[in-house]
Amino acid sequence: MTILPIEEIKERSDRHPKPSDVKFQYGTAGFRTLGKTLDSVLFRVGVLAALRSKKLDGKTIGVMVTASHNPEPDNGVKLVDPRGEMLESSWEAHATALANAPSSVAFVAAVDELVKTTKIDLSIPARVVYARDTRPTGPQLVAALKDGLEAMKAEYRDAGITTTPVLHYLVRTINTKGTKDSYGEDTEEGYLTKISDAFKKLLAGKATPPPLLIDCANGVGALMAERFKAYLGDTFSINLVNAAIDTPGALNNSCGADFVKVNQKLPPSITLQPGQRACSLDGDADRIIFYYADERGQFHMLDGDKITALVASFIVELVKAAGLDEHIKVGVIQTAYANGSSTKYLSGRLPVKCVPTGVKHLHHAAEHYDVGVYFEANGHGTVLFSPAAQELISSHISSTLAQSTAITHLKNVIDVINQTVGDALSDAFLVEAVLAHKSYSGVEWDSLYSDLPNRLVKVVVGDRNAFETEDAERRLVSPLGLQAKINELVRRYEGGRSFVRPSGTEDVVRVYAEAVSRPEADELAFRVAGLVYDEAGGDPSRKPKEFL
């Protein structure tokens with residue numbers, strides 16, 4: 001019987017001691033904090049990934065080293081399960097427990113306990129594929145990860161510096177290779193080919209779209225976007241800005257999807273001509289925000305809610321045109337951050353479900369529909385086609401040319417989408433294909449509905465875990481009495497809505513507010529933020545200037 005290599009784990013663990021003053025938590029996006037504090041976490045994640053693989057009969061597990069939209073000094077790591085989905089929720093607690101073991105001896109004991117409680121057969125081989133983004137702490141953290149993998153004698157594959165969506169794609173393609181569920185070639189080239197070929201087919205016969213300006217957040221998305229150029233050829237032109245991946249401090253600095261969404265303005269490095277459309281990726285290219293300049297040169301944002309409205313409506317039209325609307329039901333999943341106007345627009349056309357913030361909640365809910373469309377307002381999202389829906393589309397015998405055309409388009413939509421996770425570049429091509437089919441400019445797309453003005457504010461507090469929510473995070477249950485005060489404030493504003501939730505990725509509390517006018521939305525957001533600050537004893541040095 002194979003036993004745990006205790007001495008090997010302990011000896012290597014001693015090279016990666018846990019900082020005594022840091023408590024780690026595996027949250028919505030895995031572990032995420034200052035990169036220089038994560039060495040021990042990465043070693044332990046290597047061990048955990050190997051155990052997860054063994055638990056799942058030797059399936060390949062993914063490990064992505066990134067902190068996405070966070071500032072450059074931060075880094076993080078998350079595990080990816082065999083179908084390219086997020087780590088199973090029950091294992092998040094195991095990850096947190098292993099990361100916080102105070103010593104190598106305690107860590108080995110925790111590993112041994114995990115093996116026993118989850119009944120892991122250690123004789124099964126472990127397989128892991130990993131990648132990282134462009135952050136300067138990446139190489140050191142990957143070295144610690146490899147130490148953990150080698151301690152467990154795991155087989156591993158280094159996917160190099162690439163985007164988070166590519167890593168998710170690789171995990172699924174590796175695990176489905178040679179099966180009826182094959183998702184494509186398990187290489188970066190396979191990813192580029194699959195998406196670009198489907199996109200080019202969707203654009204066939206349509207007017208060539210104008211070139212798309214892509215803000216790459218000075219992150220790894222710049223590398224992937226540059227590689228896509230060769231695969232797109234003359235079909236579609238992309239122009240890259242903020243692609244300085246080697247400039248220290250540039251990553252996500254006054255650019256990228258999060259900057260645009262939170263500040264609701266162009267990155268200072270970008271100037272748009274009237275009528276021009278552009279988009280911003282985040283640091284690991286799993287989020288995207290579109291925007292355009294109107295005829296007066298005024299900035300207009302097209303966020304994840306707008307993407308949902310555009311894409312879901314298009315898929316509904318294709319399903320109906322294919323004669324499959326009685327057999328394939330399309331649904332939309334949103335979070336509390338979805339603009340109230342988008343929810344109203346979509347609810348009149350198809351089922352809409354609200355779930356707590358976080359990819360795992362959205363992805364899981366999307367799986368309950370034949371076609372599930374989810375985009376968080378921050379621009380992270382994708383579309384899931386159930387196996388039954390894909391089989392129906394694949395095998396459907398059309399009775400008219402119109403049906404046949406719609407089926408062909410649906411097949412290409414399925415292939416242009418990265419169904420494993422939100423993928424900024426895949427989503428960009430999907431959006432551009434839909435706009436080409438509908439002959440929409442940014443103005444027509446934006447006019448599907450009018451957003452209620454909204455504002456998102458962050459409050460740094462002593463303990464984010466003191467804030468607990470219910471009703472898909474739309475209502476606070478703790479601290480006691482705070483929700484009643486928020487309700488009282490909201491009642492004073494026409495069209496007012498506000499909620500407070502602890503961040504899953506940072507030590508802050510997020511406050512969202514919307515109202516019928518911009519001044520009222522701003523005022524409501526900062527007054528609710530003031531309530532949070534006063535209630536929770538926020539950090540005086542980090543009090544937002546708007547309510548100093």
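## The three-stranded sheet

Strand 15 and strand 19 (residues 508–514) run antiparallel and are joined by 7 bridges. Strands here are DSSP runs of E, at least two residues long; helices are runs of H or I, at least four residues long; both are numbered from the N terminus. Two strands pair if DSSP finds at least two bridges between them. Within this pairing, V457 stands opposite V511 of strand 19. Strand 19 also pairs with strand 18, again in the antiparallel sense, over 6 bridges. There, F499 has Y512 in strand 19 as its bridge partner.

The result is an open sheet of 3 strands in the order 15-19-18, with antiparallel pairing. Strand 15 (454–460) and strand 18 (497–502) are the edges; each has a single partner strand, so one side of each lacks a neighbour in the sheet. Neighbouring strands are turned by 15 degrees against each other on average, direction ignored. Strand 18 is largely enclosed by the rest of the structure, because 5 of its 6 residues are buried. Buried means under 20% relative accessible area, with exposed over 50% and partly exposed in between (1.4 Å probe, protein chains only).

Helix 18 (residues 518–536) lies across strand 15, strand 18 and strand 19. It runs at about 20 degrees to strand 15. Contact means heavy atoms within 4.5 Å. Axes are lines fitted to C-alpha atoms, for helices over the stretch in contact; angles run from 0 to 180 degrees between N-to-C directions.

## Basis of the model

This is a predicted model: local features need pLDDT of at least 70, side-chain atom pairs count only at pLDDT 80 or more, and totals for chains, interfaces and linings use all residues. Residues are numbered from 1 along each chain as its sequence is written, and side-chain values use heavy atoms, leaving out hydrogens and water.

## The four-stranded sheet

A second group, 4 strands in the order 12-11-13-14, forms an open sheet with mixed pairing. Strand 12 (352–354) and strand 14 (381–385) are the edge strands, each pairing on one side only. The twist averages 20 degrees from one strand to the next.

Strand 11 (residues 330–334) pairs with strand 12 in the parallel sense over 3 bridges. V352 in strand 12 is the bridge partner of V332. Helix 12 (residues 359–366) packs on this sheet and touches strand 11, strand 12, strand 13 (371–375) and strand 14. The direction of helix 12 makes about 160 degrees with that of strand 13.

## Helix 7 against helix 15

The axes of helix 7 and helix 15 (residues 424–438) come within 9 Å and cross at roughly 10 degrees. The two helices are therefore roughly parallel (angles under 35 degrees; over 145 is roughly antiparallel, 65 to 115 roughly perpendicular, the rest oblique). From helix 7, I195, F199, L202 and L203 meet S426, F429, E432, A433, A436 and H437 in helix 15.

## Aromatic contacts

The whole structure holds 16 aromatic pairs. Rings of Phe, Tyr and Trp (its six-membered ring) pair if their centres lie within 6.5 Å; planes under 30 degrees apart are stacked, over 60 edge-to-face, the rest tilted. Y169 and Y183 form a tilted pair, 5.9 Å centre to centre, with 55 degrees between the planes. Y169 sits in helix 6 (residues 164–176), and Y183 in the loop between helix 6 and helix 7 (188–203), 14 residues apart. Y169 is buried at 2% relative accessibility, and Y183 is buried at 9%. Both belong to one aromatic cluster with Y191, F199, F228, F236 and F429.

Charges also sit over rings. K306 lies over the face of Y449, 3.9 Å from the ring centre. The charged end of R349 sits over the ring of Y345, 3.8 Å from its centre. The criterion is NZ of Lys or CZ of Arg within 6 Å of the ring centre and within 35 degrees of the ring normal.
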